[in-house]
Structures are given as structure tokens and as C-alpha cells.
Amino acid sequence: MELILLSNGKTSGDEELLGYAKKQILAVLERRKVAKAILIPYALIRSDYDARARDLESSLGISVTSIHHVDKPAEAIAQAECIIVSGGNTWMLNQMLHEKDLIVPIQRAVREREVPYIGWSAGCNVACPSIRTTNDMPVRSSVVLPSLGLFPVQINPHYIDAHLSGHMGETRDERIAEFCAVNQTESVVALREGSLLQISGTKLRYYSAKDQGFKIFRHGQETTEHLDTAALSELVPFTCC
């Protein structure tokens, strides 16, 4: 598989969309000889689909078509050279993937044809087994459906462990601990801003533009922070490096 799962689309001060991960993304596009991509923008609620496609074209130097222009979305995925899934609201995105019958076509494209999948924020969330570790509000009255399951462990993007003065609600760590308490056999990978997990073939790598680590949360175990993927070796079927 070719997966690039990013915590976010931009970091503070970035002008280009996906600019902090451009080196990794362009290397995959060049290696796979990708000239065009299909954008899945369903997570966007207050932004324009075509504007997002234009931003990606400008940043990545390839042709990007939003899937909402396509009469038969599943066929477009079956013919895609690359699949890009925008951030936004994860609940909306996952619901639309099911309503448009795109779950299986995307799974087949990525697993069988090794089509590169690039997703950030919500696009990262839906690559997990479910969307239960999203930070988003359930803006639609929908049940929690399975998502793509391309990556076998739950991810929490936009992770932050700062304690805000005067904030009396639960911290992100406490929210993730609640998830682990309810789902005691599952783990959560927490990705800070400006970081990504990349799967190329059978190899899993981690990159942080800010040289910060990711955290692993498990019920009943101490939360640990890591700068490489070796700690994930018992959780994923990839070679961790």
C-alpha cells in the first residue's frame, strides 16, 4: 500500500496546503508516475470543493478533480491514479463515503492496485477502522459506521497535550483515556500537528516537521511518546522503522 496519513493540512505559517509534507508526497507521486488525482472533499462544510482542488493542484503540481463532478463516483475511484481525502468534519465525510458506496471501491483501489491514498485530519481518521477517535462534532444524526480500515489502529489527529488556563473541560489525554477505558483491547496513536505516518509497501515510517514525537495510548498502561515507529511493531502488520 501507499498511504500518507497526516495530522493536518497546514502548520502555523504554512502558505501551501500540505507544504510541510511536500517532500514525502511528491516522492510517492513521482515513484508511482501520478499525473492526476481524485479529491474526496465531503468533509468540507464551509469551504468550496473546487477551491480545495485548485489549492492541491498548486501545491502538488498535478491535475486534481473533485469527485462531486463525476457521474459515477465508484468508477472514478476504480480508475484513479491517486486518491486525496480532505480534512474537515469526519462524521460528514464517513457518512458520505457510505452513502456514495465508496468504502469498498477505495479499499480495493488502495489494497489491490496500490493507488496512493493521501488523507489529512478527517481524511486520516477515515483510514482507520472507525472514526471513534475523531475530534469533530457529529453534525449529522448518524450512527458510528465502520470506516476504511486501511490502517489497523485508531489515530487521533491534531493531538495537543497543552493545558489551557481556565479550561475546566476534559483534556485531550483524558478523552483518549476514556476511549481506551471503554475499548480496552484497542490502542490510539496521537499525531501532533505537522506530523504523518507513511506506509510504502510493507514499511511504516513517521515524520514530524517539528521533530516532535507521537504518543501511544493503551488502557492500563503508561502513555509513551516516540520518534520512530518501532513501538508500533506489535500493533501493525508493517515493518516499522
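**Guided tour: pocket, sheet, enclosed helix and cavity**

Select Arg132, Thr133, Thr134, Asn135, Asn156, Arg172, Arg175, Ile176, Glu178 and Phe179, which line the second largest pocket. A pocket is an open set of points on a 1 Å grid over the protein atoms alone, with protein on both sides within 12 Å along at least five of seven lines; lining residues have an atom within 4 Å of a point. This is a predicted model, in which local features need pLDDT of at least 70 and side-chain atom pairs count only at pLDDT 80 or more, while totals for chains, interfaces and linings use all residues. Residues are numbered from 1 along each chain as its sequence is written, and side-chain values use heavy atoms, with hydrogens and water left out.

The volume of the second largest pocket is about 190 Å³, a volume being the space filled by probe spheres set on the points, joined across faces, edges and corners. Its lining comprises 2 nonpolar, 4 polar and 4 charged residues. Charged means Asp, Glu, Lys and Arg; nonpolar means Ala, Val, Leu, Ile, Met, Phe, Trp, Tyr, Cys and Pro; the others, Gly among them, are polar. Colour helix 7 (residues 172–182) next: with 5 residues, helix 7 gives the most to this lining.

Now display the strands. Helices (H or I, at least four residues) and strands (E, at least two) are DSSP runs, numbered from the N terminus. An open sheet of 8 strands, with mixed pairing, follows the order 3-2-4-5-1-8-9-12. Strand 3 (63–66) and strand 12 (239–240) stand at the edges with a single partner strand each, so one side of each has no neighbour in the sheet. Two strands pair if DSSP finds at least two bridges between them; strand 1 (residues 2–6) and strand 8 (residues 195–200) do so in the antiparallel sense over 5 bridges. Within strand 8, Leu196 stands opposite Leu6.

Move to helix 4 (residues 90–99). Of its 10 residues, 8 are buried (under 20% relative accessible area, 1.4 Å probe, protein chains only), so helix 4 is largely enclosed by the rest of the structure. The buried residues are Thr90, Trp91, Met92, Leu93, Asn94, Gln95, Met96 and Leu97. Their cover, by contact (heavy atoms within 4.5 Å), includes strand 2, strand 4, helix 5 (103–112) and helix 6 (122–125).

Finish with Trp91, Asn94, Gln95, Ile131, Ser142, Val143 and Leu145, which line the largest cavity, a set of points where a 1.4 Å probe fits but cannot get out. Its volume is about 30 Å³, and its lining has 4 nonpolar, 3 polar and no charged residues.

Terms used. Buried means under 20% relative accessible area, exposed over 50%, partly exposed in between (1.4 Å probe, protein chains only).
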